[in-house]
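Me: Could you take a close look at one part of this model for me, the open sheet and what packs on it? I'd like the definitions along the way, please.

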Amino acid sequence: MSDGNEYDLLVIGSGPGGQKAAIAAAKLGKRVAIVEKGSMLGGVCVNTGTIPSKTLREAVLYLTGMSQRELYGASYRVKANITPQDLLARTSHVIGKEVEVVRSQLLRNRIEMITGEARFLDANTLAIDDRARGERLTVRAKNVVIATGTAPARPDGISFDNYRVLDSDGILDLQFIPSSMVVVGAGVIGIEYASMFAALGTKVTVVEKRDTMLDFCDREIVEALQFHLRDLAVTFRFGEAVTTVDVGESGTVTTLASGKKVPAETVMYSAGRQGMTDALDLEKAGLEADARGRIFVDDNFQTKVDNIYAVGDVIGFPALAATSMDQGRLAAYHAFGEPTTKLTDLQPIGIYSIPEVSYVGATEVELTKNSVPYEVGVSRYRELARGGIAGDSYGMLKMLVSTEDRKLLGVHIFGSGATDLVHIGQAVMGCGGTVDYLVDAVFNYPTLSEAYKVAALDVTNKIRALKAFS
Ligand SMILES: Cc1cc2nc3c(=O)[nH]c(=O)nc-3n(C[C@H](O)[C@H](O)[C@H](O)COP(=O)(O)OP(=O)(O)OC[C@H]3O[C@@H](n4cnc5c(N)ncnc54)[C@H](O)[C@@H]3O)c2cc1C
């Protein structure tokens, strides 16, 4: 084989994890190639997941006028009859731009892009099949990063036709805005899409096997979200499993194990995702995946085969674009002996429901379980001038503070700007800051960031009151 096909690092998959692994290695002066199938440059993140769903949400918020209704009245709309084309035009535009950003970053860093599906021949040798061109390439690499991500899991016995029965990939080929929809699965993706369709006026029924949803979030905030979604005509069926989905001429009927039947124009499945490892021939490299297609790695993202790393959704929780990027960077550093720190535990979680939810640090449930004494400070957007200006009367920021050393233990936000605002709390917590910093800090006025100061004063007053008794 010629030297032309030998790399210091071969990355499989061009999503956030793969991109950042490739760029980090290239910055260290290594010869790097990234393999990607057909038209998926940028991965699930850019093409079918994060970017399209967040762009759709933005289009929904804008066109429905949803976020302006407190100010202009319940009937306010930017466009009366919103069509899939209205929503998807914005999505394709943003996807196109993002693909170009990824391509240009890879080119600037002299990373070779190879089109095709990669599979192992041994731990250092891979075959890459470009079926569209009928070409096969064999490459060798000192190190390999597997960043192949996931695909929606499709339960047996359900016929997906991308018209009446779809998953989150199928939403991007949506042909009509349904008047009613069943969403199966109340995970992050299910709830995000349930809110978008509810905002569009679709009557949504969410069916979830568990008795609750988003268990990892603050309970009070999840309750607030459920209240808001119910207000948008969302029905929750918790503790219920789907047995069959029957498709007819004019719609679908979803039958639940309890015997209930839910008619709807469409059904959207969001019942977990499966690691993309089947095509990799992992066993030829001495590796295997679990039943959900996930690869096991250690804290350095190294698999049990020393020169092979795995990052991003293919290694499981938290399966977020932001985390995947850092995992990729750290894996590449470790592979080439560059000093690294471990991935920080302080990772924000963002849920782009309508309204949005974000948090960092511990929840009340976790602190209580671990017997960590804390006090809660709350700020409500309706008391902030910016909340009034923006027409957000429901938003809130909740801060959990240690009553022992006054350090911030967690920040939970519901409402406009939550996913951005959370980073203030993250920065204070990351630097080991106390609530006193937020009491003394001067914030721009009028802003939503002011919520930090209000919540900090609230919690400080509560801690002071506690001291008065002890
Ligand atoms: C609907 C939806 C909404 C989301 N919203 C958010 C959000 O708001 N915020 C957030 O942080 N995260 C979000 N995510 C998750 C986020 O998209 C993922 O965490 C992220 O894309 C994972 O990155 P990755 O590096 O694992 O690769 P992925 O983005 O999953 O890409 C993997 C790539 O590998 C390629 N590939 C697979 N097998 C092979 C092979 N054998 N050869 C060559 N190429 C291969 C695939 O074609 C794919 O392009 C969302 C996901 C979905 C589905």
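Reply: Happy to. Two strands pair if DSSP finds at least two bridges between them. Helices (H or I, at least four residues) and strands (E, at least two) are DSSP runs, numbered from the N terminus. This is a predicted model, in which local features need pLDDT of at least 70, side-chain atom pairs count only at pLDDT 80 or more, and totals for chains, interfaces and linings use all residues. Residues are numbered from 1 along each chain as its sequence is written.

Let's start with one pair: E8 and strand E15 (residues 266–269) run parallel, joined over 3 bridges. Within this pair, Val165 is opposite Val267 of E15.

Now the whole sheet. It is open and has 5 strands, ordered E8-E15-E9-E10-E11, with parallel pairing. At its edges sit strand E8 (165–167) and strand E11 (235–238), each pairing on one side only. From one strand to the next the twist averages 20°; axes here are lines fitted to C-alpha atoms, for helices over the stretch in contact, and angles run from 0 to 180 degrees between N-to-C directions.

Next comes the packing. Helix H6 (residues 188–199) packs on this sheet and touches strand E9 (180–184), strand E10 (203–208) and E15, where two residues are in contact if their C-beta atoms, placed from the backbone, lie within 7 Å. The direction of H6 makes about 165° with that of E10.
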